[in-house]
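Student: Could you take me through one part of this model in detail, setting out how its pieces are arranged and what lies against them?

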Amino acid sequence: MTWPARHLSRSIARPPREVIAFAGDAANLPTWAAGLSSGIRNEGGRWLADSPMGDIEVAFVGPVEAGVLDHDVTLPDGTVVHNPLRVLRNDAGSEVVFTLYRRDGVTESEFEADAAAIDADLVSLRAVMEG
């Protein structure tokens with residue numbers, strides 16, 4: 001079985017190595033990822049953030065240096081949500097592509113809200129990188 005998927009992307013006028021170095025560093029996530037805007041902290045080599053459900057863990061599963069910024073988010077109940085995120089060369093700049101899956105139990109309106117939030121995060125990333 002597969003989930004429906006949507007690819008959200010933004011072009012960024014910066015070389016991939018620069019986008020990868022910034023976006024692939026978990027410490028920078030609060031700068032551009034609104035869901036982690038309240039902060040992220042490193043505890044014992046694990047990146048943790050507060051959520052309404054309790055602590056969540058964010059782990060890049062890479063290889064980040066190759067532009068594979070896929071990250072797993074572990075929810076307090078142990079559920080792991082895999083989030084594919086890639087930085088691709090686009091001429092002298094970059095294309096950042098996030099794949100959003102509509103998982104079981106997610107309504108159409110929830111899926112659209114998730115897509116809008118991710119799109120806003122990509123816009124923020126572009127603004128930070130091109131600022």
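Tutor: In this predicted model, three strands make up an open sheet in the order β1-β8-β7, and their pairing is antiparallel. Because β1 and β7 each have a single partner strand, they stand at the edges, and one side of each is left without a neighbour in the sheet. Direction ignored, neighbouring strands are turned by 25 degrees against each other on average.

On one edge, β1 and β8 are joined by eight bridges, and H7 stands opposite T99 in β8. Helix α1 (residues 16-23) packs on the sheet, where it touches β1, β7 and β8, and its direction makes about 160 degrees with that of β7. Helix α3 (residues 108-130) also packs on the sheet, touching β1 and β8, with its direction at about 15 degrees to that of β1.

On the other edge, β7 (residues 85-90) pairs with β8 over six bridges in the antiparallel sense, and V87 has V96 of β8 as its bridge partner. These two strands form a hairpin with two residues between them, and D91 in the turn has a positive phi of about 55 degrees.

Strand β8 also takes part in an aromatic contact. The model has one aromatic pair, formed by W3 and Y101, which is tilted, with 5.9 Å centre to centre and 50 degrees between the planes. Since W3 lies in the segment before β1 and Y101 in strand β8, the pair ties together parts that are 98 residues apart in sequence. W3 is partly exposed at 37% relative accessibility, and Y101 is partly exposed at 28%. R103, in turn, lies over the face of W3, at 5.1 Å from the ring centre.

Definitions and conventions
Residues are numbered from 1 along each chain as its sequence is written. This is a predicted model: local features need pLDDT of at least 70, side-chain atom pairs count only at pLDDT 80 or more; totals for chains, interfaces and linings use all residues. Side-chain values use heavy atoms; hydrogens and water are left out. Rings of Phe, Tyr and Trp (its six-membered ring) pair if their centres lie within 6.5 Å; planes under 30 degrees apart count as stacked, over 60 as edge-to-face and the rest as tilted. Helices (H or I, at least four residues) and strands (E, at least two) are DSSP runs, numbered from the N terminus. Buried means under 20% relative accessible area, exposed over 50%, partly exposed in between (1.4 Å probe, protein chains only). A charge sits over a ring if NZ of Lys or CZ of Arg is within 6 Å of the ring centre and within 35 degrees of the ring normal. Two strands pair if DSSP finds at least two bridges between them. Axes are lines fitted to C-alpha atoms, for helices over the stretch in contact, and angles run from 0 to 180 degrees between N-to-C directions. Contact means heavy atoms within 4.5 Å.
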